[in-house]
Structure formats: C-alpha cells, structure tokens
Amino acid sequence: MAYLDPTHRILATGFAFGITSLFALPSQAQISEVRGAIMAHNIETNVSKNAGKEDGPDVQVEVLWNSPVWLKFAFSPRPGVVASLNTQGETSFAGVGLDWTFPVSKNITIDPYLGYVIHNGDPLENPYAPADSARRAKFNAEELALGSRDLFRLGFAVGYRHSESWTSYLVYEHLSHGHILGGSKNQGIDNVGIRLGRNF
C-alpha cells in the first residue's frame, strides 16, 4: 500500500504544473509538448508476475522541451518531466527523462523513452523474515515490493499526428530498478494507456 507523504506532495505539484501547462499558451519557445495520459496500472505481461497486486488507473502529465543542440549526437531526444498519480492510492511516481521521436510516415511516429523516477510505493521489501513463511508467502502473493525508492522508466509509444497542434499515442511502459538501483528484490510495474499531446 502506498503512503501519501512527502512524495505525494511532489507528485501533486508536478501534476498541477502539467495540467496548467496543457491549457496555457506557451510563452517560451523551448516547451515542445505537453501531454496527458490515462494508463491501466500494473497490467499482466508475458514477463510480469505482479499483475493484480495494485489497481488503477493512473493519470499522467508530461512536459517536454525542445532537444538541445548538445543532444544531437544521441538522435536529438527531448528532455522532459513526468508526474503519474494513481487514482486508487497505490504507487505513484514523478521524474525526468528523454523522449525520442522517429517518423514512420507523414502522420505516424515511433516514440521510445527512458527516464528516472521516484515513487511512493511502500514497503520496498517483504517485511517478514524467511522463518515467518506463511505471512511472507501471503505478502509475496498479494503485495508489490519494488525494492528501490528510485526506478528506471522505459517506454514505447506509437503516435498519430492529427494536426500541427495535437498528437495521440498508444503507450506501454515498464518501471523497475533492474538490479542496478536496488537490491535483490526487483519487482516491476507495467502500464499501458492512451495519451494526448499538445504540440507547441
């Protein structure tokens, strides 16, 4: 079960900032796109064993900036910030990342992204000792323990450009620490959803 303080305040601040940006005309040219998404939370995948341990949906807001010149060597990803709020009080997160856009046709793009986030899911590890086998097994079967307060966020989207101003996306993302940021426990979260982007 997730707790609400203090990380929840950070998430709420980022969410409010994103919603405000979505409807405001950009006064600075560096803002490239503001996005809002609805995501199915903690879904079943071929590699996931955690589906059903938490409910959704999630509401996400992202703000992306134009790619700086110094990122041209990396195929010009756009830097951005994201806030994701779980509507059932489960794991929410906020963080930063890079988003690439590769045109497939005039209106269709492939958009992979990579980021780093902080989440409010708790506890991070199974709190029961191995000797307490019954409660330990029950926890493993029912609760999500992500193993690290910070996680990688990897995703993939297919975008459709409706006009100069609006793009819609189908999105898949995975969050976990990959045994790099955390310890032996490496459960993850897989989310899928739809996203609408306002381009500037």
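For the first close-up, Ala, Val, Leu, Ile, Met, Phe, Trp, Tyr, Cys and Pro count as nonpolar, Asp, Glu, Lys and Arg as charged, and the others, Gly among them, as polar. Please keep in mind that every view here shows a predicted model.

**View 1. A cavity lined by residues from several strands.** Welcome to the inside of the model, where one cavity of 30 Å³ or more is counted. The largest cavity has a volume of about 80 Å³. Its lining is made of 14 residues, and those closest to the centre are Glu62, Leu64, Gly97, Leu98 and Arg153. Sorted by kind, the lining of the largest cavity holds seven nonpolar, three polar and four charged residues. Strands E2 (58–65), E3 (78–86), E4 (93–99) and E6 (108–119) each contribute at least two residues to this lining.

**View 2. Strand E7 pairs with E6 and with E8.** Follow strand E7, residues 150–161, and you will find that E6 runs antiparallel to E7, with 11 bridges joining them. To find your place in this pairing, look for Pro112, which stands opposite Phe156 in E7. E7 also pairs with strand E8 (residues 166–176), again in the antiparallel sense, over 10 bridges. Here Arg161 has Thr167 in E8 as its bridge partner. E7 and E8 make a hairpin, with four residues between them.

**View 3. The aromatic pair of Tyr128 and Phe139.** A pair of aromatic rings is described by the distance of the centres and the angle of the planes. The structure holds one such pair. The ring centres of Tyr128 and Phe139 are 6.4 Å apart and the planes meet at 70°, so the pair is edge-to-face. Tyr128 lies in the loop between E6 and helix H2 (133–142), while Phe139 belongs to helix H2; the two are 11 residues apart. Which of these rings is more hidden from view can be read from their accessible areas: Tyr128 is partly exposed at 27% relative accessible area, and Phe139 is buried at 9%.

**View 4. Two arginines with their charged ends over rings.** In one part of this view, the charged end of Arg35 sits over the ring of Tyr169, 4.6 Å from the ring centre. In the other, look for Arg198: its charged end sits over the ring of Trp166, at 5.6 Å from the centre of that ring.

**View 5. Cis peptide bonds before Pro57 and Pro123.** Most residues other than glycine have a negative phi, and most peptide bonds are trans. Gly56 and Pro57, however, are joined by a cis peptide bond, with omega about 5°. Pro57 is found in the loop between strand E1 (31–40) and E2. Another cis bond joins Asp122 and Pro123, where omega is about 0°. Pro123 has its place in the loop between E6 and H2.

**View 6. Positive phi at Asn42 and Phe75.** Where in the chain should you look for Asn42? Asn42 is in the loop between E1 and E2. This residue is not a glycine, yet its phi is positive, near 60°. With a relative accessibility of 3%, Asn42 counts as buried, because buried means under 20%. Phe75, in the loop between E2 and E3, also has a positive phi, near 65°. Is Phe75 buried or exposed? Phe75 is exposed, because its relative accessible area of 64% is over 50%.

Notes
Residues are numbered from 1 along each chain as its sequence is written. This is a predicted model: local features need pLDDT of at least 70, side-chain atom pairs count only at pLDDT 80 or more; totals for chains, interfaces and linings use all residues. Side-chain values use heavy atoms; hydrogens and water are left out. On a 1 Å grid over the protein atoms alone, a cavity is a set of points where a 1.4 Å probe fits but cannot get out, and a pocket is an open set with protein on both sides within 12 Å along at least five of seven lines; lining residues have an atom within 4 Å of a point. Grid points are joined across faces, edges and corners, and a volume is the space filled by probe spheres set on the points. Two strands pair if DSSP finds at least two bridges between them. Rings of Phe, Tyr and Trp (its six-membered ring) pair if their centres lie within 6.5 Å; planes under 30 degrees apart count as stacked, over 60 as edge-to-face and the rest as tilted. Buried means under 20% relative accessible area, exposed over 50%, partly exposed in between (1.4 Å probe, protein chains only). A charge sits over a ring if NZ of Lys or CZ of Arg is within 6 Å of the ring centre and within 35 degrees of the ring normal.
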